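Hi there,

Here is the structure I promised to pass along. Have a look at it first, and my notes follow below.

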Amino acid sequence: MTGPVPLASYMRMCLTADVGGYYTGAIEQGRDQFGLKGDFVTSPEISQVFGELCGIWYVAEWLAQGRQSQGVELIEVGPGRGTLMDDMLRTIQRFPPMANAIDAIYMVEASSELRMAQKILLCGKDAPMTESKVGYHSVCKYNALPIVWTETIKSIPIRRKMPFIMAHEFFDALPIHAFELVSVPATRKSPPSQSNASPPPKPPPPPSNGAKCSSRPRPGSTHTTLNTPSSQSRDTPPPDFQLTLAKTPTRHSLYLPESSPRFRALKPTVGAGALLEVCPDASLYASDFAARIGGSPQHPKPKPSGAALILDYGPGDGTIPTNSLRGISRHRRVSPFAEPGLTDLSADVDFAAIAESAIKASEGVEVHGPVEQGDFLEAMGIRERVEMLVKGMQEQVGKEGVRRRAAKAREVMEERLADQIEKMRERHAKMGQHFSDRQVMAELEL
C-alpha cells in the first residue's frame, strides 16, 4: 500500500487515469456520464437554445472584431458528447460569412469513448477518422470543415489565428489542491551553552505549508466513523478514501498558497482551520487561452483577436473557493471519496484566479465578468428564443415537451443554487475565526 497522495493526484487518477478513469473507461457498459440515464445533466443536454445562444455570442464577437474572412478556429475543451459544438455550428451556419471564415475545429478530449461519440454526432457514423502525431482527424458535416481531436490543448499549435474558445463546465473538473491554515508551535529555547561564547539564537522555522491528502481509512470504517454527511451517505457504500492533513509541509503547500497576492492576503484575515483551494491546471489553461488570443512573449501576435467563453460554477465575487469538492452519481450528491472512478468529481471554479492568470500571461487580453449565467443567457435572448420555439410547434405534445425541459432546467439550477448558498454559509463561518500568530497553510491529503 502506498500513500497518502495529494488531493489533486487523487482527482486526476479518478477522472482521467489511463485505466479506470471516470471519463476514460470506468463507467459500466451501456451507461454514459451525461443525461437522465447518466450522472448529471448539463445545459446543452437540456435544450438546444443554450448552444444556439453561445454560437450567437461568438458571431457577435467575430462581427465586433472586424469580420475576418479567414483564419478563424473553433476550440472546445471538454466537449462532452459534442452536443454544444453541434448546436453552435448549426447556428453559425446561418451567418455564412463567419461560417466560411472557419479554418478548422479543435476538440480537446481525453476519453476515446467520448471522442467517438463526438465524431458520430459532428461527422456522421460512417465518416472516416485518421490518426496522426497531433491527434485524430475527420471532416465535419457542416461545410466539410476539418475537425482535429487532441488529448491536450498543448497539441494545438498557437498560431496567428482568430481562436474562439469554449470551456463549458470544464474548469470545475480540473484537479485542485486543498490547504488548511494551521498554527505552528513556537520554537523551544535551547539550554544555556557551557562555553563562553553564546551561539546566536536559531531563527524561527520558515513558514511551511502542509497539504491535505488522500489515504485509505481503517478496515471496517463506516459512514459514521468517517463523518460522511447524511446527504452524501444515502444508498452509497462507505468512502474508500478519507481526507487527512499532511504531517509535514509538501512542495505544493510551500509554493501554491504563496503564488498569488490574493492567496497571501488571505492569511491575516482568517484563523486556524480556514481552508483554501488552488487549481494550478486552471491557471495553465487560462494562460494558454490568453496567449492564443492576445499573444505572448513566446508567441507574439501583431494584433489580439478571438475570444474565450468560460461557463462554470463558482463564486463570482472574487472569493477563493473552500471545501467545495463534491461527488455526483446518478443525479445525487455523494461522497467524493466513494467508488473512485465511478463517481464524477468537481469543485468550485476560482474565476478571479483565472482572470489573474490570463492577464499575467498576455498584455493583449481583456477579462470581462464573471456574470451570473442566467443574466448572460437573458441578455443573449433566451426568453425570446424559447417563446419562438413554443409558438413554432403545432402539436400540444411538443409544447409540453418544451415546458418539461424548462422545468427540468429550473430544477437543476435551483439545486445548484442551494448548494452554493450552503457553501457561502460555511465560508462566512470560516471568515469569522480569529487570526493567531505563526500560522501556515497545510495541504490536505488523501
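Which residues in helix 3 meet helix 4, and which residues of helix 4 do they meet? Please keep in mind that this is a predicted model. On the helix 3 side they are Gln-48, Phe-50, Gly-51, Glu-52, Cys-54, Gly-55, Ile-56, Tyr-58 and Val-59. Their counterparts in helix 4 are Leu-84, Asp-87, Met-88, Arg-90, Thr-91 and Ile-92.

To find the pair on your screen, look for helix 3 at residues 48-64 and helix 4 at residues 83-92. Their axes are 7 Å apart and make an angle of about 55°. That angle falls outside the ranges for roughly parallel, antiparallel or perpendicular, so helix 3 and helix 4 are oblique to each other. The crossing of helix 3 past helix 4 is right-handed.

Next, the strands. Strand 6 has pairing partners that run in opposite senses: strand 3 (residues 102-108) pairs with strand 6 in parallel over 4 bridges, while strand 5 (residues 136-139) pairs with strand 6 in the antiparallel sense, also over 4 bridges. Ile-147 of strand 6 takes part in both, as the bridge partner of Ile-105 and of Ser-138. Strands 5 and 6 form a hairpin with 6 residues between them, and Asn-143 in that turn has a positive phi of about 60°. Strand 6 is mostly covered, with 4 of its 5 residues buried.

Just after that strand comes a residue you may want to click on. Thr-152 sits in the loop between strand 6 (146-150) and strand 7 (162-168). Its relative accessibility is 31%, so Thr-152 counts as partly exposed. Thr-152 is 75 residues from Val-77 in sequence, yet their C-alpha atoms are 8.7 Å apart in space.

Val-77 leads on to the interior. In soluble globular proteins, nonpolar side chains tend to be buried together. Here the largest nonpolar core has 43 residues, and Val-77, Phe-171, Tyr-285 and Phe-289 touch the most other members. Among the elements giving two or more residues to this core are helix 1 (7-16), strand 2 (72-77) and helix 10 (351-361). Helix 9 gives the most, with 6 residues. There is also a second, separate core of 37 residues, which includes Trp-62, Tyr-142, Met-162 and Leu-311.

Phe-171 is worth a look too: leaving aside residues up to four places away in sequence, Phe-171 touches Ala-282, Tyr-285, Phe-289, Ile-310, Asp-312, Val-349 and Ile-354.

Happy browsing, and best wishes!

Terms used. Residues numbered from 1 in each chain as written. Predicted model: local features only at pLDDT ≥ 70, side-chain atom pairs only at ≥ 80, totals over all residues. Heavy atoms only, no water. Buried < 20%, exposed > 50% of the residue type's maximum accessible area, 1.4 Å probe, protein only. Pairing = 2+ DSSP bridges. Core = buried A, V, L, I, M, F, W, Y, C linked by side-chain atoms within 4.5 Å. Contact = heavy atoms within 4.5 Å. Axes fitted to C-alpha atoms, helices over the stretch in contact; angles between N-to-C directions. Parallel < 35°, antiparallel > 145°, perpendicular 65-115°, else oblique. Left-handed = near helix turned anticlockwise from the far one by under 90°.
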